[in-house]
Amino acid sequence: MSQFEDTTAQATALTNHDRKPIHIPGSIQPHGVLLALSNQLEIMQVSNNTQGYLGKEPEDLLGQPLSYLLDARQVETVKQCLVKKIGSANGFKVSIVTLTRERYFDAIAHRTEGAVILELEPTDSESEVSFLSFHSLASEAIAKMQSTSNLVEFLHLVAEEVQKIIGFDRVMVYQFDQSGAGSVVAEVKREDLSPYLGLHYPATDIPAQARELYTRCFLRFLPDLTAEPVKVVPTENPTTHQDLDLSYSVLRSFDWCCAEYHENMGVKALLVISLIQEQKLWGLISCHHQTPKYISYEVRKMCEFLGQIVSSELAHKISNSEWDYKVKLKSLQSEFLESISQADNFIDALIKPEIRLLDFVSASGAAVCLDNEITLVGTTPNLDEVRALIEWADTQVSDNLFSTDSLPKLYPEALIFKDTASGLLLLRISKVRRYYILWFRPEVLQTVHWAGNPQESIQAQADGSLTLSPRKSFEQWQETVRLTSLPWKACELDSAIALSNAIVGIVLSKADELAKINLELERSNQELASFAYAASHDLKEPLRGIYNFSTVLLEDYAQVLDDDGIECLQTVVSLSVRMETLINALLRLSQLGQAQLRLQATDLNELLNQVIDVFRASRQDSRFVDIRIPQSLPTVLCDRVLVNEVFSNLLGNAFKYNDKAEQWVEIGYLDEEAGEQGSKGEEFSPLPPAPRPSASSYAQSPTFYVRDNGIGIPQHHLETIFRLFKRLHSQEKYGGGAGAGLAIVKKIVELHNGQIWVESTVGVGSMFYFTLE
């Protein structure tokens, strides 16, 4: 971080005296006269120096019509200001007859909210500079400035041409940065003066209120910084009862702080021309002279005109210097966004090839965050550091686009990864989901040359308050700026916004497509379920006929069949039984697809006791079965009949696929606070339960488990065992079956908005987990 950032922060604590508005000083510079007029052009206020210029005391002028001083033609010219916008000035020549002689003045008139301001500066002649003379003075300068496309060379030519016109000792082009601080980017000076080129100045040197005035008034002229200001009398405007607004006044006096600041630099006269870029203050042409120096109003108007030409050309020069880079970004945007719109996998489209995402904003690293899934690209902080940074951004960053070139200043934890992420550009894609793209830039050490120590301008008073005082020294003072990256350019921020807009558009388009597809799928699924039910139901009757006739043949005609014929009939009977089992399973699944849940509060202890009773009654060897229930089960909201089927299937499978001499099954649930209840073996541990949204006024369903010491399931089959008709063994082993039990269990769990998964070790046992939302 730099010295000017500390100085700027301290400047916010300045006393009210230092913050006094500079556009209502109540006084003017003494090289002219000011008259404040009513809308009827009656003199309401005057500067207290009219006797010396006009031969009349202020009290002789107050209350008089303007025609008391000027002829009818001149009064009419002033009157034209009443229909012009505030700040728009009329300049013309006037002559006024005093007691001793006729005097000539440059008259400048403009309108404010409460008055018409007329300012008079004495001149030697009543003739105005002709357009041809003005053109000859300005055209050569404009031609030279337009002859180059190089920004640095252009700014140097600007300084040279302005110095030729006004003859000041030093002419500088001063550029502001985003913080309000600035630096000298071009300079032409007298040979014996110390150079200021390349020096930096803190924001407090030209405070915000001064920068705001430079944005409205394009030229400021102070011919003698040692001159005493002249008061305006009366102090308040009689009509508005407020101080006179001198924002657009050419004679407005200057603050003592400004005078002392420039006196410390050895400056006695000052001319400043504003440079406006995209309606913002880009910089200043600042002209210094070592002695008081007066410039005529016409020459100053020419300088103001040149400033407007320079501002116009500046946009062109800057756009030329940035054009190639912007074209590169636009080309990359077009290619990148097209590939994203056509991609099936969003993350793959962003990061493959990864260089595109980095080049998109000229970053060295990036992180793509989609909820809890974070993908890192290029040179970045580690995954935990990025995750913590996103947590910070969730609470501290409200904008969809955020950038900083000094992240450690805002987020101190970034100090540990400053080498990879001193600069951060963060794009929030969604406010509902945690969707972010973060780009990183490394720390770049910079040596900044200041015009004196900027800290000297902030002084602490005895009461602890801070005041702004002019620095005494402008000798070069070096500072090493740390914990900053290269700044993010406006076109890079625009590039990030374009990416965000494109992603939103693509997501909406994809959502539209998915909605249509889902509608079609829903219709197809309904038709398929209806077809499966009808087909299965209709198949059962002919299948039953095949079974019955085959049985009759075996019973009544076995004596007329040879052994091969009997074996064929037995196979037909066996296959018909097998097919009926499959049809019943298909029917059951189709019924579940169309079923409406009948949710009710269900005591799972009572339900499980019924399941176990039926299980023992249906198996002769069940008295040797060890069924363990370590803790009382909770009451949950569910479909009692369907959940009965879930426990029945899982319990049946646990004993069906068990070849141990001592078989056991454990049924329980996981306590999310205290861990799993009941005893466990050491061979494997349960998975943590998946996060679940609240679905009712009942307590959230915990994660249930059914654990056994059976044969186990190979790892590569864990994802496939829930498929319909998927068997891992032949029909002859482990009692056969249709391979539909787990598919039915999965369907029931999903109807309850739950999840089911399994952990298993071959030869040790399996543990099925499921939730019921």
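Which residue just after H6 takes a positive phi? The exercises below treat that helix, the nonpolar cores and the salt bridges.

The model is predicted: local features need pLDDT of at least 70, side-chain atom pairs count only at pLDDT 80 or more, and totals for chains, interfaces and linings use all residues. Residues are numbered from 1 along each chain as its sequence is written, and side-chain values use heavy atoms, with hydrogens and water left out.

**Exercise 1. Describe helix H6 from its start to the residue after it.**

Step 1. Helices (H or I, at least four residues) and strands (E, at least two) are DSSP runs, numbered from the N terminus. At the start of H6, a side-chain oxygen of Asn150 comes to within 3.1 Å of the backbone nitrogen of Val152.

Step 2. The expected span is 1.5 Å times one less than the number of residues. For the 16 residues of H6 (residues 151-166) this gives 22 Å, which agrees with the 23 Å between the end C-alpha atoms.

Step 3. Buried means under 20% relative accessible area, exposed over 50%, and partly exposed in between (1.4 Å probe, protein chains only). Among the buried residues of H6 are Phe154, Leu155, Glu161 and Ile166.

Step 4. Just after H6, Gly167 takes a positive phi of about 70°. This answers the opening question.

**Exercise 2. Identify the residues of the largest nonpolar core that touch the most other members.**

Step 1. A nonpolar core is a set of buried Ala, Val, Leu, Ile, Met, Phe, Trp, Tyr and Cys residues joined through side-chain atoms within 4.5 Å.

Step 2. The largest core has 38 residues, and Ile627, Phe647, Leu650, Leu651, Ile667, Phe768 and Phe770 touch the most other members. Its largest share, eight residues, comes from H18.

Step 3. A second, separate core of 30 residues includes Val171, Phe221, Leu271 and Val310.

**Exercise 3. Locate the salt bridge of Arg190 and that of Lys746.**

Step 1. A salt bridge is a side-chain nitrogen of Lys or Arg within 4 Å of a carboxyl oxygen of Asp or Glu. By this rule the count is 17.

Step 2. Arg190 pairs with Asp169, with the closest N and O atoms 3.4 Å apart. Arg190 lies in the loop between strand E8 and strand E9, and Asp169 in the loop between H6 and strand E7, so the pair ties together parts 21 residues apart in sequence. Asp169 counts as buried because its relative accessibility is 9%, whereas Arg190, at 34%, counts as partly exposed.

Step 3. Lys746 pairs with Glu750, with the closest N and O atoms 2.4 Å apart. Because they are four residues apart in helix H19, about one helical turn separates them.

Conventions:
Polar contact = N/O pair within 3.5 Å; in protein donor to acceptor, adjacent residues only side chain to side chain.
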